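I opened this entry to record how the strands pair and how the helices pack, and I kept to what I could look up directly.

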Number of protein chains: 2
Amino acid sequence: MPGRRGAGAGGGRRACGSGIRRFLEPCLLLLLHGGESHGYELLDNLGKFGFSETPADSSTIYRILRSLEEREFVSSRWAEGDSGPAIRVYTLSPEGDGYLQMWVRDLEETDRILHRFFSEYQDHMKQHHSGDAGPEEIRKE
Amino acid sequence: MPGRRGAGAGGGRRACGSGIRRFLEPCLLLLLHGGESHGYELLDNLGKFGFSETPADSSTIYRILRSLEEREFVSSRWAEGDSGPAIRVYTLSPEGDGYLQMWVRDLEETDRILHRFFSEYQDHMKQHHSGDAGPEEIRKE
DNA sequence: ATCATCTAGGTGCAGTATGCACATAGATGG
DNA sequence: CCATCTATGTGCATACTGCACCTAGATGAT
């Protein structure tokens with residue numbers, strides 16, 4: 001399997017298939033919180049989070065890791081690979097740990113908003129038994 | 001308050017302040033499912049979903065509405081404003097209703113992924129009582 | 001030795017998303 | 001006439017992401 005190419009949802013709003021924008025960054029941070037790792041390995045371990053069928057492009061992973069390093073949330077060093085070329089091993093920094101905490105708080109907020117959406121949706125559907133019919137003509141006041 | 005300018009997080013990953021990419025589109029669809037409306041009014045009603053402090057830029061709203069119209073998920077017509085300039089009134093189409101259903105299913109999936117993240121996070125923190133200390137040196141195997 | 005393949009990291013480009021600044025324009029009141 | 005509010009919109013810069021493609025070491029088969 002040379003490089004996980006193929007698959008993928010197509011970028012953005014028109015697809016709706018990628019839902020809300022992917023939150024790969026905090027997932028990578030969390031994985032690195034569990035210990036040093038490198039891009040290719042992280043890519044495999046992302047499966048844990050269950051990105052449905054769409055395991056993210058490797059280029060995205062490598063770019064996020066570089067971006068994290070620029071901001072000093074991780075550091076990297078080159079190491080020998082067990083078999084194959086050298087690997088760039090990333091280590092979470094204390095700042096990166098704090099950044100992960102921020103992300104978690106942020107995602108909890110996102111979760112609240114998401115549930116507010118579901119709640120609004122269900123309230124609305126209760127009143128209109130909808131699902132296939134068009135919207136009714138309802139004035140706001 | 002001329003036009004809701006100011007405020008707002010910087011765009012994207014580096015901020016973490018906007019969390020996961022905003023899902024304004026389904027919110028607008030849901031609001032339109034409740035009846036016809038126009039951009040400026042929708043902007044106000046977005047508060048319902050509790051986008052923390054960041055009520056979204058008006059330009060984004062107008063652009064999403066146009067994009068929805070291009071894809072025929074909504075239609076629009078010009079109407080007299082109660083007071084002030086003319087308004088462009090948007091109406092959800094049956095296709096738009098179906099699209100909203102797709103979004104809901106997609107967001108439910110996102111919700112599952114989000115909770116898998118929280119679950120991973122909590123499991124991890126249980127073992128490391130962390131929060132302020134850097135990551136420990138743990139090998140994967 | 002040469003070649004295919006796997007592992008690993010990376011660049012270039014295009015499409016999409018989004019905030020901010022700013023433009024346009026009708027309505028209203030001083 | 002001008003300031004202000006309502007309402008819609010454009011231009012620009014930045015950012016995220018997928019896809020195609022590139023580089024390069026290691027390994028095994030021919």
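I looked first at strand 1 of chain B and found that it pairs with strand 3 (residues 87–92) of chain B in the antiparallel sense, over two bridges. Working in a predicted model, I then asked which residue of strand 3 of chain B is the bridge partner of B:His38, and I noted B:Val89.

Next I traced the whole sheet, which is open, has three strands in the order 1-3-2 (chain B) and is paired in the antiparallel sense. I marked strand 1 (37–38) and strand 2 (74–79) of chain B as the edge strands, since each of them pairs on one side only. I also noted that helix 3 (residues 58–70) of chain B packs on this sheet, where it touches strand 2 and strand 3 of chain B, and that its direction makes about 120 degrees with that of strand 2 of chain B.

I then turned to the packing between the chains, where helix 1 (residues 24–33) of chain A meets helix 4 (residues 94–128) of chain B at an angle of about 20 degrees, with the axes 11 Å apart. Because angles under 35 degrees count as roughly parallel, I entered helix 1 of chain A as roughly parallel to helix 4 of chain B. The crossing of these two helices I recorded as left-handed.

For the contact itself I listed A:Pro26, A:Cys27, A:Leu30 and A:His33 from helix 1 of chain A, and B:Phe117, B:Glu120, B:Tyr121 and B:His124 from helix 4 of chain B. Sorting the residues of this contact, I counted five nonpolar, two polar and one charged.

Note on methods. Residues numbered from 1 in each chain as written. Chains lettered and ligands numbered in written order. Predicted model: local features only at pLDDT ≥ 70, side-chain atom pairs only at ≥ 80, totals over all residues. Pairing = 2+ DSSP bridges. Helix = DSSP H or I, 4+ residues; strand = E, 2+ residues; numbered from the N terminus. Contact = placed C-beta atoms within 7 Å. Axes fitted to C-alpha atoms, helices over the stretch in contact; angles between N-to-C directions. Parallel < 35°, antiparallel > 145°, perpendicular 65-115°, else oblique. Left-handed = near helix turned anticlockwise from the far one by under 90°. Nonpolar A, V, L, I, M, F, W, Y, C, P; charged D, E, K, R; others polar.
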